[in-house]
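Biologist: Please take one part of this model and go through it closely, starting with the sulfur-bearing side chains. Then place that part beside the packing and the charged pairs.

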Amino acid sequence: APAAWIAALARWGTMGFGEVAAAATRFAGEGFAMYPLMAESLANNRASLARWPSTAAIYLPGGRPPRAGERFVQEDLARSLRYMADEERRVAATKGRAAGLRAARDAFYAGDIARTIVRFHEENGGLLRADDLAAFEPEVEPAVATRFRGIDVHSCPAWCQGPVLGMMLRLVDGLDLAGMGHNSPAYMHAVAEAMKLAFADREAFLGDPRFVDVPLGMLLSEEYAAR
């Protein structure tokens, strides 16, 4: 993710990493009010979070998952973002914006953060090594586009669940959602069933196209949605 943020800034942005990460850094360091969805997710995954003491220290503060409305702080994340921004600022002062962005990237993938990640993997049976991180570069690919009622809706390709949105839109495109009334029982039922069908196809078909054959054209076709 950090490499993708920085690649986007380098290719299409005008601001520095430290600028765009300032709010996230503040919310990580000072905390934010835990919201219900995240509180539920942490509670459901309590056992796996407790397996690693360093993970439990963040996500199970005081020995339990934070409740909705409680302040949630991620000091390690704040320190990581500040370190990246500091490295950017140090290099950009003499070598310019592009070099500064690269320095922020290297702070994560080749600097102290990378060494911390690799050490943890080595001590706990993980697979990542220094060369894996140092050599990583994000790829820029065409988005998956689905035409829905005059609008092109773009999503990430099939290595994530991005195409599921297009599959859902295809399924409801032939329905009179407006006539059902927004959030009426009929509307909610139709949307929920479309989501269930699309997520079932996600489990059956989607994956990294470099390793599995994803019939994306079929999944997003009007003919398949009609069937």
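**Cysteines, cores and charged pairs**

Modeller: Cys156 is partly exposed, with a relative accessible area of 39%. The model is predicted, and the values here are computed from it. The sulfur of Cys156 lies 4.5 Å from the closest cysteine sulfur, which belongs to Cys160. A disulfide needs the two sulfur atoms within 2.5 Å, so this separation is too far for a bond. Seen from the other side, Cys160 is in no disulfide, and its nearest cysteine sulfur is that of Cys156, 4.5 Å away. Cys160 is partly exposed as well, at a relative accessible area of 26%. The count of disulfides comes to 0.

Next, the packing. The largest nonpolar core has 17 residues, and Ile6, Phe17 and Met84 have the most contacts inside it. Helices H1, H7, H8 and H9 are the elements that give two or more residues to this core. H8 gives the most, with 5 residues. In soluble globular proteins, nonpolar side chains tend to be buried together.

Helix H8 deserves a closer look. It runs over residues 97-109, has 13 residues and reaches 19 Å from its first C-alpha to its last, close to the 18 Å expected. Its buried residues are Gly100, Leu101, Ala103, Ala104, Arg105, Ala107, Phe108 and Tyr109. These buried residues pack against helix H1 (2-12), helix H2 (17-20), helix H7 (75-95), helix H9 (112-123) and helix H10 (130-134).

Ile6 shows part of this packing residue by residue. Leaving aside neighbours within four places in sequence, Ile6 is in contact with Phe17, Met84, Leu101, Ala104 and Arg105. Of these partners, Leu101, Ala104 and Arg105 are among the buried residues of H8, while Phe17 and Met84 are, with Ile6, the residues with the most contacts inside the largest core. Apart from that core lies another, of 10 residues, among them Val144, Ala198, Leu206 and Val214.

That leaves the charged side chains. Side chains of opposite charge can pair when their charged atoms come close. The structure holds 16 salt bridges. One of them joins Asp76 and Arg79, at 2.2 Å from N to O. These two residues are 3 apart in helix H7, so about one helical turn separates them. Asp76 counts as partly exposed at 42% relative accessibility, and Arg79 counts as partly exposed at 46%.

A further salt bridge links Asp152 with Arg147, where the closest N and O atoms are 3.1 Å apart. Asp152 is partly exposed at 42% relative accessibility, and Arg147 is partly exposed with a relative accessible area of 45%.

Arg210 and Asp208 also meet in a salt bridge, at 2.8 Å from N to O. Here Arg210 is exposed, with a relative accessible area of 61%, whereas Asp208 counts as partly exposed at 21%. Salt bridges that share partners also join Arg102, Arg105, Asp106 and Glu137 into one network. Arg105 brings the account back to H8: it is one of the buried residues of that helix, and it is in contact with Ile6.

Key. Residues numbered from 1 in each chain as written. Predicted model: local features only at pLDDT ≥ 70, side-chain atom pairs only at ≥ 80, totals over all residues. Heavy atoms only, no water. Helix = DSSP H or I, 4+ residues; strand = E, 2+ residues; numbered from the N terminus. Expected span 1.5 Å × (residues − 1). Buried < 20%, exposed > 50% of the residue type's maximum accessible area, 1.4 Å probe, protein only. Contact = heavy atoms within 4.5 Å. Core = buried A, V, L, I, M, F, W, Y, C linked by side-chain atoms within 4.5 Å. Salt bridge = Lys/Arg side-chain N within 4 Å of Asp/Glu carboxyl O.
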